[in-house]
Amino acid sequence: MKKVLTLVTVLLLVFTMSACKSDDDGVITIGANIYTFNDNFMNGVVRPELERYAEELGVELDVVDSEGSQATLNNQVDTFISKGVDVLAINLVDPAAAGTIIEKAKDADIPLILFNKEATVAGVMDTYDKVWYVGTDSAEAGIIQGQMMLNDWQANAAWDLNEDGVLQYVLLKGEPGHPDAEARTLESIKAFTDAGIAVEELAIQPSTTWSTTEAGDTMAAWLSTGWADTIELVVCNNDGMAFGAIQAMDNASVDIPVYGVDALEEALAKIGTGDMNGTVLNDGVNQARATIDLAINAANGVDILDGTTWVIDAPTGTKAVRVSYVAVTADNYSDFQ
Ligand code: GAL
Ligand code: CA
């Protein structure tokens, strides 16, 4: 009898432990961050949905601001681990620093979901069986933006201000080394060159935090160098930087075609008023939901896609869920408002 009782006790203990994870109250705890709360898209779209969706699903989510510092993020991850979170959902500050975070998670045997900034070190995702990525196919946004700009260029002969058949453009780039910034920069212009249209890059300027203010200052400087009648197109890696460019153009009373990425509310409004020509929907809501869904499954130790409709992007084997981008122009912007 005593043996049976002991067995029952052990079974009960095992059962209780697995249902409760590390928390006493049985609620899954996710330790998360945003690389900086000073980012329109991450803080304005992704973070609110992470919080709303976590609440809807009854999991505890702690989201901290890494303030653009990878060192800060490393410390925050240490703190999450010592607090005993069940799973980490991490927005890298430096995409090349993925290995450090993966190693910390692996040492603590805590599953890890990286989101929005994809690791740039080859093979690093294979160093831990409990790490996954949620984001997009970085090139897709650039391809869509490029196609949109090319269509408009071909439909508006007057956009070629100096009538030389060459596109003179400026480009406001996001964070150097960020897969989204690099791929968007490359692909958006490639749409023109692939179509046989010669291009001339007057200037390109990156912004580590994809900043509206920095982009505004840059654009103002470009306009004051005498390019107000020379720039034929303003290509922006995101909407936030497009807003800065538009402000600078307003201040200088010029109106040059301008395109962004993200489809922030404000961008949709600007497309409606004709202040902006197009953007690309970066579906932060679904990226946030996929991040939480995967985090919960990882914490529960079940199949990472269990009970969801997400797909892992096999055959590349990068252990990533990638949410699609959508073109947004004057024709369809109101569908997204
Ligand atoms: C991109 C987004 C940018 C910025 C960046 C941060 O996907 O388009 O606006 O938020 O992520 O990593
Ligand atoms: Ca021209």
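**Exercises: calcium site and open sheet**

**Exercise 1.** Assign D164 to a burial class from its relative accessibility of 36%, then do the same for V166.

Solution. D164 is partly exposed, because its relative accessibility is 36%; buried means under 20% relative accessible area, exposed over 50%, and partly exposed in between (1.4 Å probe, protein chains only). V166, at 19%, is buried.

The model is predicted: local features need pLDDT of at least 70 and side-chain atom pairs pLDDT 80 or more, while totals for chains, interfaces and linings use all residues. Residues are numbered from 1 along each chain as its sequence is written, chains are lettered from A and ligands numbered from 1 in the order written, and side-chain values use heavy atoms, without hydrogens and water.

**Exercise 2.** Which atoms coordinate the calcium ion (ligand 2), and how are the donor residues spaced?

Solution. Donors are N, O and S atoms within 2.8 Å of the metal (3.2 Å for Na, K and Ca); water is not among the atoms, so sites may look incomplete. At 2.2 to 2.6 Å stand D160 (OD), N162 (OD1), D164 (OD), V166 (O), Q168 (OE1), E232 (OE) and E232 (OE). The spacing in sequence is D-x1-N-x1-D-x1-V-x1-Q-x63-E.

**Exercise 3.** Give the strand order of the six-stranded open sheet and name its edges.

Solution. Strands are DSSP runs (E, at least two residues), numbered from the N terminus, and two strands pair if DSSP finds at least two bridges between them. The order is β2-β1-β3-β4-β5-β11, with parallel pairing. β2 (60–65) and β11 (320–322) each pair on one side only, as edge strands. Within the sheet, four bridges join β4 (residues 112–115) to β5 (residues 131–135), and F115 stands opposite V134 in β5.
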